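Let's take a look at a binding site together. The notes below follow the ligands and the residues around them.

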Amino acid sequence: MPFTQTYLEIPADFYTQLSPEPLVQAHLVALNRDLIQQQHVDLSEQTILDIAAGKVVEGMSPLAQKYTGHQFGYYNPDLGDGRGILLGQWQTPQGEHFDWHLKGAGRTPYSRRGDGRAVLRSVIREYLASEALHALSVPTTRALAIASGDEQVWRESLEPRANLIRVTPTHIRFGHFEWAASQSPQHSQTLADYVIKHHYPECASEPKPYESLLKLILQRTARTIAHWQAVGFNHGVMNTDNMSILGETFDFGPYAFFDDCQIDYICNHTDTGGRYAYNEQPNVGLWNGQVLAQAFEPLIESAEKRQDSLNDYVEAYNQNYVDLMRAKLGLTNPQPKDKLLIADLLICLDKHRVDYHVFMRSLADLNNPHPVWPQTDDYQAWLLAYKQRLEQETLTEAQRSELILNTNPALVLRNYIAQHIIEQAEKGDRDIVDQWRQWLASPFIENPEWQQWTQPPHSHLKGHQLSCSS
Ligand code: AMP
Ligand code: MG
């Protein structure tokens, strides 16, 4: 079978080889046929179920990766894959490699006090969120399949055990570089060389490959966080061990998409200080970037050069964010005051707790005031400024409207929807998760089948916070 394990190229202290702990009486809860097709996975459904249930097939060499990281601002040296095992890489006929990672695969030497398992609720949340973000063009890991078994796992109550096959070119995190730096300069170099060889080959021909590597990682991180801000996504646990070196959205826990626009929204109920609140995400990305830059010290001696990458992060973030928001507002012709227009809108939507997604889409029609528009002076002032701004555009009204409808999704994986899907799946509905995956893959074209789910939740279901065990 076309699996390989390139992580064996680096020394054995970077990982521990071990096998998954199989699921009992496994069945598939979800199978991502779109991803299977895109990555030319010519395996039978039974084989994918077997793999998701913990079977090791030819070519795989399962291992748990060692990394460390900063959690809520504090360095934790004891981290590593504690409930996920890297099975190997799938090689496509085009020669691309994708990690297959089994989340929930059982205990590893890095599990600490955990059981190494995942619950159905949390893997459904990851499966759907990663596919939803992908459909919104947000860089993210993907999800290939979910299998669940007969066992129950204790979280806040007993819940069904389940595994997720996560797919991405690499699971290397900022925390891998932190661990390497804590070991020796040779470890940092080995890791950086592996990363350049497999994931950033364009750096190899640069005069300073490691400087280019740090720059590119931080630029990609900035771009992804700009996307989160634009689509109204709160990740919730931006620890440095949850930051991918590809800049992808990585490790889905208590995340939330906005209902009402609330800029200091905290989706993670254990985050009492709001370190990972929605409006903190760009700053935390920079803070995490500083940690990564520090871990690059053995590779880039000059503090000034490391600082350059951080400055680039800020610039890349600002540029990407304004570009993305401009498109959401149906604007194409950049103007210096756009930043202000965007900021004023967010302040207004926040102040009046307006549903973010319904509002953004409502701008497609300026002729009829939408029920979510605030009946307030500040909103009227903003609307006037927006209409004046449109005079600097060349798009026709129909084109502007079309741009808005193609940029702002009608269907969003709000938490009340995720909760509904989870409840149905826990009751035994075997089709609902993939039904929703398909719907979330085309969130811009309104579909009578899901029309009822485009509405904001009732107020008692809004802004519900989730725990880390999500
Ligand atoms: P997370 O908050 O999901 O990013 O996890 C932080 C760390 O704890 C990672 O190293 C995980 O592998 C580990 N971890 C999380 N949940 C479990 C669990 N149920 N059993 C063992 N390790 C876990
Ligand atoms: Mg994690």
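Which backbone atom lies 2.7 Å from an oxygen atom of ligand 1? A backbone N or O atom of Gly-82 does.

A word on conventions: this is a predicted model, where local features need pLDDT of at least 70, side-chain atom pairs count only at pLDDT 80 or more, and totals for chains, interfaces and linings use all residues. Residues are numbered from 1 along each chain as its sequence is written, chains are lettered from A and ligands numbered from 1 in the order in which they are written, and side-chain values use heavy atoms, with hydrogens and water left out.

Polar contacts (pairs of N or O atoms within 3.5 Å) to ligand 1 include these:

| Residue and its atom | Atom of ligand 1 | Distance |
|---|---|---|
| Gly-82, backbone N or O | oxygen | 2.7 Å |
| Asp-115, polar side-chain atom | nitrogen | 3.1 Å |
| Asp-251, side-chain N or O | oxygen | 3.4 Å |

On its own, ligand 1 has 480 Å² of accessible area (Shrake-Rupley, 1.4 Å probe), and the protein covers 84% of that. Around ligand 1 there are 17 residues (a heavy atom within 4 Å), with Gly-80, Gly-82, Arg-83, Arg-112 and Gly-116 the closest. This shell holds eight charged, seven polar and two nonpolar residues, with Gly counted as polar. Domain 1 (3–168) and domain 2 (174–326) each supply at least three of them; the bounds come from an automatic or database domain assignment.

Asp-251 also serves the magnesium ion, ligand 2: its OD and the OD1 of Asn-242 are the protein donors, 1.9 to 2.1 Å away. Donors here are N, O and S atoms within 2.8 Å of the metal (3.2 Å for Na, K and Ca), and water is not among the atoms, so the site may look incomplete. Asn-242 is buried (under 20% relative accessible area, 1.4 Å probe, protein chains only) at 9%, and Asp-251 is buried at 15%.

Note on methods. A polar contact is a pair of N or O atoms within 3.5 Å; within protein, one must be able to donate a hydrogen and the other to accept it, and residues adjacent in sequence count only if both atoms are side-chain atoms. Buried means under 20% relative accessible area, exposed over 50%, partly exposed in between (1.4 Å probe, protein chains only).
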